[in-house]
Structure formats: structure tokens, C-alpha cells
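Grab a pencil and have the structure open beside you. Below are a few exercises, each with a worked solution.

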Protein chains: 2
Amino acid sequence: MTPLSDTDSTETERGGGHVDESVAADARSKSRPTMRHVATLAGVGVKTVSRVINGEPNVSAATIERVLKAARSLDYEPDLHAGNLRRADGRTRTLGLLVGSVDNPFAGAVHRAVEDAALARGVAVFASSLDDDPEREQAAVSAFLRRRVDGLILTTVSENQAYLAPELRRGTPVVFVDRQPAGVTSDSVVSDNTAGAALATRHLIEQGHRRLAYLGDRHDIRTAQERRRGFLDELGRAGIATGDAPLIEGLHDEETSRRATLALFDGENPPTAIFGAQNLVTIGVIRALRELGRQLDTALVGFDDVPLGDLLEPGVTVVAQDPHAIGRIAAERVFARLDGDDSPAERTIVPTRLLQRGSGELLPRVDAR
Amino acid sequence: MTPLSDTDSTETERGGGHVDESVAADARSKSRPTMRHVATLAGVGVKTVSRVINGEPNVSAATIERVLKAARSLDYEPDLHAGNLRRADGRTRTLGLLVGSVDNPFAGAVHRAVEDAALARGVAVFASSLDDDPEREQAAVSAFLRRRVDGLILTTVSENQAYLAPELRRGTPVVFVDRQPAGVTSDSVVSDNTAGAALATRHLIEQGHRRLAYLGDRHDIRTAQERRRGFLDELGRAGIATGDAPLIEGLHDEETSRRATLALFDGENPPTAIFGAQNLVTIGVIRALRELGRQLDTALVGFDDVPLGDLLEPGVTVVAQDPHAIGRIAAERVFARLDGDDSPAERTIVPTRLLQRGSGELLPRVDAR
DNA sequence: CCTAACGCTGACATCGTTGTCAATTGGGCA
DNA sequence: TGCCCAATTGACAACGATGTCAGCGTTAGG
């Protein structure tokens with residue numbers, strides 16, 4: 001109530017000292033200072049404070065000085081969102097990032113790259129975890145949009161992303177990472193899943209393996225489908241009957257993968273080589289092979305790198321993705337779109353690399369065939 | 001310009017069909033729908049839309065229906081920040097999290113725990129990386145505050161956090177994680193660094209080691225100081241001359257740590273046991289020991305767990321922190337403060353656990369004493 | 001000396017939403 | 001029938017900032 005009396009800025013003329021005091025008291029109080037507080041303390045209009053805070057021209061050096069001093073003394077921080085409401089460009093300088101899980105190393109690297117690109121432009125990043133839950137996906141996107149992010153970088157899992165169509169029409173840049181969108185057209189940045197999986201599979205076949213098993217994520221995840229296809233295609237090219245190859249899907253963490261691997265070796269005629277189609281799956285396989293004492297006797301290639309994979313015994317051979325590049329490119333596309341690039345949606349495919357570290361170079365057991 | 005004519009809501013009376021059409025056209029256009037658009041389309045006042053969107057009582061079922069239908073057809077998402085400007089509680093339902101680096105596994109686990117707690121309350125999380133750079137710390141905090149986050153969870157590195165005093169006075173909850181604040185009083189959640197380091201050191205001494213080396217982070221980081229103290233205290237308790245023990249500080253990533261370890265073994269009378277005071281440091285040590293072929297010949301205990309540490313050969317013995325608990329407790333404290341808890345600032349110490357996996361149980365080489 | 005131009009400044013409307021408050025409606029009860 | 005009360009609804013101001021614009025004083029040019 002009382003602070004509102006400051007509105008009468010003519011008071012500044014008479015007894016400036018008195019006003020200063022009450023403003024200073026405000027600074028000590030629990031209320032957050034606004035531009036009006038700064039303006040009153042500096043003895044200028046709010047618009048002038050706005051000009052100084054935003055570095056606009058046509059303010060005298062002396063006034064700038066007074067305003068900055070007042071702002072500092074009140075510990076003033078401008079309210080970005082209030083400004084945004086009125087500002088012409090309507091930018092919140094905020095970005096929404098949705099990844100598999102913020103504590104997955106792949107996601108961490110993507111996140112870090114996005115953050116680096118964003119920081120350079122003074123943009124803050126909201127990060128959320130998807131947990132492969134379609135409801136979570138939509139809730140996260142909605143939470144981002146309500147906060148009026150300037151752009152979205154999304155890993156998705158729901159059937160299709162048609163719900164984003166209106167937002168895309170409004171011009172909000174959306175870049176899909178790791179997984180491609182369905183039902184809408186927009187930029188995406190993905191690894192070459194099919195080729196990478198084929199590369200891994202070919203590598204195993206080249207070591208002489210004929211009994212290969214595929215262990216992968218949920219079949220309704222498009223990325224998983226592509227990796228599976230790469231695996232099967234390559235078997236086909238090598239003339240290996242794909243019907244025989246154990247295909248185990250629906251794995252989503254170390255534990256389910258570990259159990260599936262144990263079960264695999266519990267059956268008859270276990271594989272001599274395994275393709276782990278995702279980092280957590282690969283780790284689960286490694287654990288199981290250790291338990292069975294077969295880590296030097298069963299070949300393994302993983303898709304996506306595994307932390308400290310080079311220090312294990314044997315080293316884990318993987319088809320490594322480049323999550324840092326994926327994040328960087330995704331962020332660059334968002335910013336390019338924000339800067340007005342309206343070229344057609346583009347799909348950027350980031351190449352994968354085979355890292356031979358030992359586990360993928362193991363030869364088939366002699367007893368097997 | 002034309003959209004502004006909607007303001008005249010009396011138009012709804014005459015030719016409702018015409019208005020509907022123009023609103024529908026708006027939906028297809030690039031402009032983002034506001035409550036006024038929804039209100040016009042539904043034929044009600046904006047305040048009624050506000051009531052429906054916020055689930056306030058005293059709206060007839062029929063009206064609710066009409067408003068929701070209009071909102072859906074326009075793909076309306078409320079502007080949280082505009083609402084916030086006016087809303088009494090002034091909450092943005094947003095939180096700022098500052099961690100060492102979002103791609104560090106420790107930080108990832110903290111982040112995930114914070115996110116889980118926040119999600120349950122409909123709160124979104126800004127995440128930033130500190131990179132042990134004091135300027136970055138302050139820039140990140142300022143970015144958070146300009147966006148009016150409801151609370152802060154911070155890992156800090158600057159000399160002191162006195163710059164936060166005005167914000168704390170205004171009642172913004174701030175919880176420090178991993179490192180304690182200096183110059184201000186506020187909640188903090190940390191591991192028991194001194195005790196954990198002492199535990200690690202004692203364990204090595206119990207295996208008979210007398211020549212122990214400490215490899216750690218920058219000495220100006222308080223957490224690093226505490227771990228160093230725990231190490232030295234324990235040497236003292238065991239009657240080992242602390243002056244002789246190699247103390248290598250200023251390490252901040254795998255590479256610097258690896259080189260420091262190599263140098264250590266290049267000198268004369270290398271240690272028989274090493275304490276790696278941080279996860280990246282520990283990894284660097286492991287790499288160096290591998291290169292030297294001394295991984296089975298030099299004991300190692302790390303502070304903070306290492307990914308797949310149990311799968312290495314030898315397994316990496318560590319004093320594990322509980323980053324998930326740290327994040328969860330920190331988030332809970334923020335929310336408790338927001339809910340009005342004004343008890344004195346509290347320091348929560350999360351216990352550490354010694355995980356014996358092999359590397360810490362190696363005995364001293366016979367040639368060394 | 002007059003006028004135009006420029007630099008500097010603040011009053012005011014406005015952004016999208018919610019708090020306040022008053023107006024309207026309909027139903028129940030005397 | 002008449003009155004009161006509760007439920008429903010919308011007009012309006014306000015939140016903290018910026019865009020627009022007009023007004024001031026000074027200086028330069030004719």
C-alpha cells in the first residue's frame with residue numbers, strides 16, 4: 001500500500017531526501033525492487049531506467065551513472081518476463097530440452113553441447129527427462145510452451161508428434177534429436193542408426209560369427225527399429241538365416257538387459273556374438289557375461305559408447321555416436337531458425353564410428369559350429 | 001490491427017458466426033492465441049476463461065465445456081509468466097540448478113533427483129554448468145534471478161556468496177549442494193568430505209600402506225580442502241609423516257590427473273597407494289596406472305563413484321557419495337522453504353560409503369619398505 | 001534572429017493474465 | 001407475489017516492463 005504512493009513522482013521535486021530514504025528502506029525490506037524503485041531513487045522516469053538497463057542510446061553519461069548506482073544499491077535485477085510481454089521480438093531467451101534422462105551419459109553430452117551454444121547467446125536451458133513415457137513427453141512440451149521458450153530440442157517417444165503442428169505453424173523452432181519425428185515435418189539431428197547397426201553387425205560377421213543375437217530397446221521406438229533393421233539387413237547380406245537369430249526387444253535398462261542375457265545363455269545353442277543396441281543394454285550384457293564368466297568367449301559390440309569402455313577387460317567395442325555434435329548441431333539449427341532461416345526442414349545425420357577395443361574382435365568359440 | 005477489433009466483445013451478440021470465423025482464421029495464422037481469443041470464440045469474458053483454465057469454482061458446466069472446446073480448437077497454452085505478473089503468490093514454478101557440469105555423472109544424478117522432486121510439483125528446472133568458473137557462477141545466478149525462479153540449488157566456486165545476501169533477504173530459497181557457502185547463511189546439502197576422505201585413507205593404511213599420495217582438485221575449492229584435510233588427518237593419526245606424502249592439487253580433469261600420475265611414478269620412490277579425491281581425477285589415475293602396467297601393483301581408492309567402477313580390473317574401490325540423495329534432499333528443502341518453513345538454515349550431511357572392489361585392497365609392493 | 005534538427009527525457013498505452021468488485025440471473029422461502 | 005441469497009459472469013485495474021510519441025532545451029544553419 002504505502003509503496004504505491006511512490007507513483008506520484010512529482011514528489012521527487014520536493015524533499016528528494018525523504019524519498020531516497022523510503023526507497024532505501026524498501027531495498028532492505030522483503031519486496032523485490034522494480035524499475036520504479038530504481039527510477040525514484042535515481043530521480044528519473046522509468047523509461048530512462050529501461051533505456052539504461054537495456055543499453056539504449058540517447059541517455060546522458062551523468063544519468064546513466066545515477067541509474068546504475070541506484071540499480072546496484074537496490075540489487076535490482078530486471079524481470080525478463082515482464083519485459084518480454086511488451087518487447088517486440090517476444091523472445092524469452094529460453095530453450096526447452098527434452099532428453100531420455102538427464103543422468104544418461106549420452107543425454108548429458110547432448111545437454112552440455114546445447115548449453116554451450118545457448119550460453120554464448122545468453123539463452124537459458126530448461127532440461128527434462130523423457131523416460132520413454134509418451135505422457136511425460138507431452139507434459140514436458142506443454143510445460144515448456146507455457147513458459148514461452150523460444151525453441152525446443154526434443155527426444156520423443158509418443159506415436160507421433162502431430163500435436164506440435166500448431167506450434168510449428170506459429171514459427172517456434174523445433175529440432176528433434178536422436179529420434180525422428182512422425183506426423184510433422186521439422187529439423188532433426190540423428191545418428192545413422194541403420195548404417196551404424198549394420199557396421200557393428202558386419203564387424204562381428206567378419207570375425208567369423210554366424211550365431212548373432214540382437215538385444216535392443218522397445219520396438220515402438222523408431223531408433224530401435226532402425227538399429228534392428230540394420231542388424232537384420234546385414235545378416236541377410238551375409239546369407240545368415242535371420243529367423244534363427246535371437247531378437248530380444250523391450251529392454252530399457254541394465255537390469256532387464258542383464259536378465260535377458262542370462263536367459264539367452266540358459267537356453268540351448270547360445271550366440272557367439274551379441275549386438276547391444278543401446279548403452280544401458282550393452283552394460284547389462286557385460287554384467288551378465290561377467291557373471292557367466294563368458295566375457296572373453298562371447299563377442300560383443302554395443303551401439304553408443306559406454307563410460308570407461310576402453311578400460312574394461314576386454315575393452316568394449318562400440319559403434320560410437322557423437323552426442324556432443326548432435327547437441328551442438330541441434331542448438332545451431334534452433335538459433336538459425338530464430339535468426340530467420342526458413343529453408344525446408346533438414347535431417348542431419350551424424351556419422352557413427354566403430355571403436356575396436358577388444359570385445360568385438362573375439363573369435364567364435366570352436367565348439368560352436 | 002484487425003485482431004484488435006475483437007476487443008469490442010459486444011460484437012459477439014451480432015453475427016456470432018462472423019466472429020468465429022475470424023478467430024478461427026487467427027488460429028491458423030502465425031499469431032499465438034491469448035485468452036481473449038479463446039474468450040471471443042467461446043462467447044464469454046476473459047475472466048471466465050481464466051477461471052476455467054485455472055480450475056476455479058463457480059463456473060457452470062456448460063460454460064466450462066464451451067471454453068475448453070474453444071481453447072482446444074485454438075491450441076491455446078496459457079502464458080505462465082503473464083499470469084505470474086499478476087498472480088498473488090508470484091510463483092513461476094521454476095527452479096534454477098547449477099552443477100559442476102551437466103555431463104558429469106555426479107551432476108547428472110543430482111539433476112535427475114531434483115527433476116523428479118520438481119516434476120511432482122509441476123516445477124520446471126533450469127540447469128547450468130559451473131565449470132568451476134566464478135564468473136559463470138554469478139552469470140548463471142543472475143540469469144536465473146532475471147527469470148524469477150522460485151528457488152536456487154547451487155554448486156558454487158567463487159570465494160564467497162555474499163552477493164546472494166539481498167536475494168536471501170527477500171526470501172528466495174537457496175540450497176547449496178556439494179559445496180558449502182561462504183559469506184552467507186543458507187541451507188546446504190553436502191557429503192561428509194573429511195570423514196569420507198579419512199575413511200578412504202584409513203582403509204589404505206590398514207592394508208599396510210605407508211607411502212600414500214593425494215591427488216585432488218583445486219585447493220581453493222572448499223570441498224577439495226576438506227578431503228585433503230581428511231587425508232592428512234588420517235595420516236597423522238597413523239603416525240605417518242605428512243611432510244613426505246606427495247600432495248598434488250589443481251587437477252580438474254582426466255588428462256591433468258593422468259599426467260600428474262605419470263609424473264609421480266617418474267620420480268623416485270613412488271607411492272604404493274593413491275587417493276583420488278574426485279571422480280575425474282580417479283579416472284585419470286586409473287588410465288595412468290594402466291599405461292604403466294601398475295594397476296595391480298598400486299592401491300587406489302577414489303572419492304565419488306566412477307561409472308562401471310565395479311567392472312574394471314581390478315574393481316575400483318571408492319568412497320561413494322549419494323548424489324541422488326543430495327539432489328532429492330536439496331529439492332525437498334527448497335520446497336519446504338517455499339511452503340513456509342522458516343527454521344534456521346540447516347546443513348545436511350549425507351554419509352559416504354566405502355565400496356571395496358579390489359583396487360583399494362591391494363597390498364604394498366614388497367620392494368617398497 | 002528565426003527555424004530546424006538533434007539529444008535527452010518522461011507520460012502513457014500496452015503486453016497477457018489475475019484480483020476485485022459489482023451486476024445479473026434464478027431459485028427458494030415467507 | 002415479493003424478497004433474499006447464492007451462483008455465475010464480466011468490466012476494470014494492476015502486475016513490471018517496453019514502444020510510441022510529444023515536449024523540452026541546445027545548437028547549427030540560413
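**Exercise 1: a helix on the inside**

At the start of α6(A), a side-chain oxygen of Asn104(A) comes to within 2.8 Å of the backbone nitrogen of Phe106(A). Keep in mind that this is a predicted model.

Task: work out how long helix α6 of chain A is, and whether it is largely enclosed or not.

Solution. Start with the length: α6(A) covers residues 105-119, which is 15 residues. From first C-alpha to last, the helix reaches 21 Å, close to the 21 Å expected at 1.5 Å a residue. Next, look at burial, taking buried as under 20% relative accessible area. Twelve of the 15 residues of α6(A) pass, so the helix is largely enclosed by the rest of the structure. Among them are Phe106(A), Val110(A) and Val114(A), but also His111(A), Arg112(A) and Glu115(A).

**Exercise 2: reading a sheet**

Task: find which strands stand at the edges of the six-stranded sheet in chain A, and which helices pack on that sheet.

Solution. First write down the strand order: β7-β6-β8-β9-β10-β12 of chain A, an open sheet with mixed pairing. β7 (247-248) and β12 (353-355) of chain A each have a single partner strand, so one side of each is left without a neighbour in the sheet. Now zoom in on the β12(A) end. Its pairing with β10 (residues 317-320) of chain A is antiparallel and runs over three bridges. One residue pair to click on is Ala320(A) with its bridge partner Arg353(A) in β12(A).

Then add the helices. Helix α9 (residues 193-206) of chain A packs on the sheet, touching β6, β8, β9, β10 and β12 of chain A, and its direction makes about 170 degrees with that of β9(A). Helix α12 (residues 279-292) of chain A packs on the sheet too, touching β6, β8 and β9 of chain A, at about 160 degrees to β9(A).

**Exercise 3: around DNA strand C**

Task: say which residues come nearest to DNA strand C, and which helix gives the most to the surface near it.

Solution. Of the 27 residues around DNA strand C, the nearest are Thr48(A), Thr63(A), Arg86(A), Ser50(B) and Tyr76(B). Helices α3 and α5 of chains A and B each supply at least two residues of the surface here, and α5(B) gives the most, with four. What does the protein meet on the DNA side? Of the strand C atoms within 4 Å of the protein, 64% belong to sugar or phosphate and the rest to bases. For a phosphate example, take Met35(B), with a backbone N or O atom 2.5 Å from a phosphate oxygen. For the bases, a polar side-chain atom of Lys47(B) lies 2.9 Å from a base nitrogen, and a polar backbone atom of Ala82(B) is 3.0 Å from a base nitrogen.

**Exercise 4: around DNA strand D**

Task: go through the same steps for DNA strand D.

Solution. Here there are 28 residues around the strand, and Met35(A), Ser50(A), Thr48(B), Thr63(B) and Arg86(B) come nearest. Sugar and phosphate make up 63% of the strand D atoms that come within 4 Å of the protein. The helix giving the most to this surface is α5(A), with four residues. Finish with the contacts: a polar side-chain atom of Asn54(A) lies 2.6 Å from a phosphate oxygen, while an N or O atom in the side chain of Arg86(B) is 2.5 Å from a base nitrogen.

Methods
Residues are numbered from 1 along each chain as its sequence is written. Chains are lettered from A and ligands numbered from 1 in the order in which they are written. This is a predicted model: local features need pLDDT of at least 70, side-chain atom pairs count only at pLDDT 80 or more; totals for chains, interfaces and linings use all residues. Side-chain values use heavy atoms; hydrogens and water are left out. The expected span of a helix is 1.5 Å times one less than its number of residues. Buried means under 20% relative accessible area, exposed over 50%, partly exposed in between (1.4 Å probe, protein chains only). A polar contact is a pair of N or O atoms within 3.5 Å; within protein, one must be able to donate a hydrogen and the other to accept it, and residues adjacent in sequence count only if both atoms are side-chain atoms. Two strands pair if DSSP finds at least two bridges between them. Contact means heavy atoms within 4.5 Å. Axes are lines fitted to C-alpha atoms, for helices over the stretch in contact, and angles run from 0 to 180 degrees between N-to-C directions. A residue is near a molecule or strand if one of its heavy atoms lies within 4 Å of it.
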